[in-house]
Each structure stands twice: as structure tokens, then as C-alpha cells.
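Student: Please walk me through one part of this structure up close. Pick a loop and follow it to whatever it touches, and keep it friendly, as I'm new to this.

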Amino acid sequence: MRILGLLATIASVLIILCGTQFTVLSNTANAVPPKAMPTPEDPQPVYTSYKGVTVGMSQADARAKLGESSQRSNSGDFYTISNNESVQVLYDKTQKVKSITVNYSGSLKMAPSTKDVLGEDVKKEADGSIYKLVRYPSAGYWVSYNRTAGGDATIIITMQVIPK
């Protein structure tokens, strides 16, 4: 049952990360669209790997670093690191790592902070949730940090190739 909940959370995050962001404006005449936040010209990533696995690494090298997966296919592997930590590594058609998603649930003591991942503290929302995505064009990938709301929170950290 816990795996189904974790998979549902992962699916929700992937929908959020891969889907289109929508801004809902009221129908009033005074509605003003939100201002776009500038992206630093050439930020350098703080979070560059998970247990030595990096975006762009070969499938063979990633598997050598992470060991035996609980689920394995040509398109991706799923590893259960502990009761509170798991990772999914996805591969492109050339068998290179295109995405690494790390999930922390239950006890979040081992989960890195936003400063460890993004290089800055990110304020929690009133409900305890956090979401921030930073693009690193010169590195060729983006990193997101997502903490779900509530007392039984999950932290999901994703590194993914920026399509060319």
C-alpha cells in the first residue's frame, strides 16, 4: 500500500514537472498577469549527482554505482535505498541517464535541504509545502525540489536533461 502511495506521489510530481503551468486570472478588468522571475544568466548547479550518478552518464555506469535495482528495464530503473528513500533513473534512447528522481518519505532526517540542492533556502508555504525548479543551461539540466504539504510529507528531488 505504501508503494502505491509513493507511486501516486511520483506520478503527480511528474505531471506537475512535465505539464504546462497554468495561470488562472480572474475575469475582472483589474486582473494583472504575474511578473516573470528572471533566471540568472549562467547559474551553476549545487546538486550535481545522486550517489555518483549524473545526468548524461551511461546506463552501465549508473547501474554500477547504484547496484541491483528492484525494477529494471531499458528505459529506467527503480531502486529502494531504504524504507525512507528510493530513486528512479530514466534513460534516453541512447541509454544515457536523462532523469534522476529521488524520493524521501516517512522520516525526512536524511533528506537534503533546499540549500543543499538549490544553493539557497526556500521558504515553506503556509501548508508546509515547497516547490522550486532551477534551470542550469550550461550544465544541460534542471533541478527541482518539491516537498508535499502536511505532516506526512514527501520530498522529491529531480534532475532532468534540458531538451535541445
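Tutor: Sure! A quick bit of vocabulary before we start: a helix here is a DSSP run (H or I) of at least four residues, a strand is a run (E) of at least two, and both are numbered from the N terminus. Also keep in mind that this is a predicted model.

Let's begin in the loop that runs between helix H1 (2-18) and helix H2 (59-66), where you'll find Lys-51. Have a look at its backbone: Lys-51 isn't a glycine, yet its phi is positive, about 50°. Ser-58 belongs to that H1-H2 loop too. Its side chain reaches over to the backbone nitrogen of Asp-61, at 3.1 Å. Now, if we set aside the neighbours within four places in sequence, what does Ser-58 contact? The answer is Gln-95, Lys-96 and Val-97.

So let's hop across to Gln-95. This residue sits in the loop between strand E3 (85-91) and strand E4 (97-105). Gln-95 has a positive phi as well, about 65°, and is not a glycine either. Is Gln-95 buried or partly exposed? Its relative accessible area is 24%, and buried means under 20% while exposed means over 50%, so Gln-95 counts as partly exposed.

That loop is the turn of a hairpin: five residues lie between E3 and E4. The two strands run antiparallel and pair over seven bridges. If you want one spot to find on screen, try Leu-90, which stands opposite Ser-99 in E4.

Leu-90 also leads us to another strand, because strands pair when DSSP finds at least two bridges between them, and E3 pairs with E2 (residues 76-82) too, antiparallel, over six bridges. Here Leu-90 in E3 is the bridge partner of Gly-76. E2 and E3 are joined by a hairpin as well, this time through two residues.

With E2 and E4 both paired to E3, how enclosed is E3 itself? Five of its seven residues are buried, so E3 is largely enclosed by the rest of the structure.

To retrace the walk: we started in the H1-H2 loop with Ser-58, crossed by contact to Gln-95, and followed the hairpin into E3 and E4.

How values were computed: Residues numbered from 1 in each chain as written. Predicted model: local features only at pLDDT ≥ 70, side-chain atom pairs only at ≥ 80, totals over all residues. Heavy atoms only, no water. Buried < 20%, exposed > 50% of the residue type's maximum accessible area, 1.4 Å probe, protein only. Polar contact = N/O pair within 3.5 Å; in protein donor to acceptor, adjacent residues only side chain to side chain. Contact = heavy atoms within 4.5 Å.
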